[in-house]
Amino acid sequence: MAVVTGLIFLACVSHAGNITVKGSDTMVILAQKWAEVYMSKNPGTRVQVTGGGSGVGLAALQNQTTDLANSSRKIRGKEIEACLRNFGRRPTEYRVALDGIMVFVHESNPVKELTLDDLQRIFTGRARNWKEFGGPDARINLYSRENSSGTYEFFKEHVLLGRDFAASAQTMPGTAAVVAAVSKDRYGIGYGGAGYGAGAKHLSIKRDANSPAIEPTEETVVNGTYPIWRYLYVYVNPALDKGEIAAYIRWLTSEEGQKIVKDVGFFPLPERLRLK
């Protein structure tokens, strides 16, 4: 499990001027950049960020050991039930950015596009050789995320349609690790958030054999034509959603906050979805 260091996480809820953020490893580079810029403009506020995975962040929210939980997937029913038991409220959900999950291969791989069904067959282990997809006669090496990852859960639900990943899939502690592994493995394939896609070869994705191959760009993610897109979320206990915490959440979806989203490599929310 990856824990990003640099800003120290304290296992307690915040007091005035101190905001703790925990969760999605996909979002952690974005969350740290948000915190850095916000603190430079609001020197009386300290924003402390750690990763660990969406599931870890949501567990901390349930246990009231973080103020904000970053998640790259929607909160589950059982997690909402735990919040209701522990602090009597359903957590408030905020959409803070858009992401297109990219599929990465080695730069020498001649394959340029795959369908969603191709991806399902590959990552469940039903297709094992690149030659089935116009690639070399070589075994496909799978790189996946850990099961506490929201990206893992999203990919399993929306691409594998609930099926299990192949037992041969190598679990990596973050998307950066997936990209690093694939960049060194001529026969590797992995997946992860768009914020980590710079410098890596990614495939165009088709909904089915008769659909066009779509690149993950801001336009195709915002209009939903890229097949593997999602929102990135922040969750908060409603009792804490006031004062500096509320101001910080509102800033995340402001023009300034959304410019950082784009600078980091994710995709900004359409104007209609931003907090006013």
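Start with helix 1, which has 14 residues. At 1.5 Å a residue it should span 20 Å, and its end C-alpha atoms are 20 Å apart, so expectation and model agree. The model is a predicted one.

Helix 1 has a buried side. Its buried residues are Val 28, Leu 30, Ala 31, Trp 34, Ala 35, Val 37 and Tyr 38. What covers them? The cover includes strand 2 (46-52), strand 3, strand 4 (92-100), helix 8 and helix 9 (255-264). Both strands and helices are therefore among the elements in contact with these residues.

Two of those buried residues, Ala 31 and Trp 34, turn up again, this time in the lining of the largest cavity. The structure holds one cavity of 30 Å³ or more. About 40 Å³ of space lies in the largest cavity. Its lining is made of Val 21, Ala 31, Trp 34, Val 49, Leu 68, Asn 70, Tyr 248 and Leu 252. Three elements give two or more residues to this lining: helix 1 (28-41), strand 3 (68-71) and helix 8 (243-252). Is the lining mostly nonpolar or charged? Seven of its residues are nonpolar, one is polar and none is charged.

Now turn to the charged residues. Side chains of opposite charge can pair when their charged atoms come close. In this model the count comes to 17 salt bridges.

One of them joins Glu 153 and Arg 73, with the closest N and O atoms 3.5 Å apart. This pair links distant parts of the chain. Glu 153 sits in helix 5 (residues 150-158), while Arg 73 lies in the loop between strand 3 and helix 3 (77-87). The two are 80 residues apart. Are these partners buried or exposed? Glu 153 counts as buried because its relative accessibility is 19%, and buried means under 20%. Arg 73 is buried too, with a relative accessible area of 4%.

Another salt bridge pairs Arg 145 with Glu 146. Their closest N and O atoms are 3.3 Å apart, and both residues are buried.

Lys 156 pairs with Asp 164, and here the closest N and O atoms are 3.1 Å apart. Asp 164 is exposed, because its relative accessible area is 53% and exposed means over 50%.

Some salt bridges share partners. Through them, Arg 73, Arg 76, Glu 79, Glu 153 and Glu 157 join into one network. The pair of Glu 153 and Arg 73 met above thus has both its residues in that network.

Conventions. Residues are numbered from 1 along each chain as its sequence is written. This is a predicted model: local features need pLDDT of at least 70, side-chain atom pairs count only at pLDDT 80 or more; totals for chains, interfaces and linings use all residues. Side-chain values use heavy atoms; hydrogens and water are left out. On a 1 Å grid over the protein atoms alone, a cavity is a set of points where a 1.4 Å probe fits but cannot get out, and a pocket is an open set with protein on both sides within 12 Å along at least five of seven lines; lining residues have an atom within 4 Å of a point. Grid points are joined across faces, edges and corners, and a volume is the space filled by probe spheres set on the points. Helices (H or I, at least four residues) and strands (E, at least two) are DSSP runs, numbered from the N terminus. Ala, Val, Leu, Ile, Met, Phe, Trp, Tyr, Cys and Pro count as nonpolar, Asp, Glu, Lys and Arg as charged, and the others, Gly among them, as polar. The expected span of a helix is 1.5 Å times one less than its number of residues. Buried means under 20% relative accessible area, exposed over 50%, partly exposed in between (1.4 Å probe, protein chains only). Contact means heavy atoms within 4.5 Å. A salt bridge is a side-chain nitrogen of Lys or Arg within 4 Å of a carboxyl oxygen of Asp or Glu.
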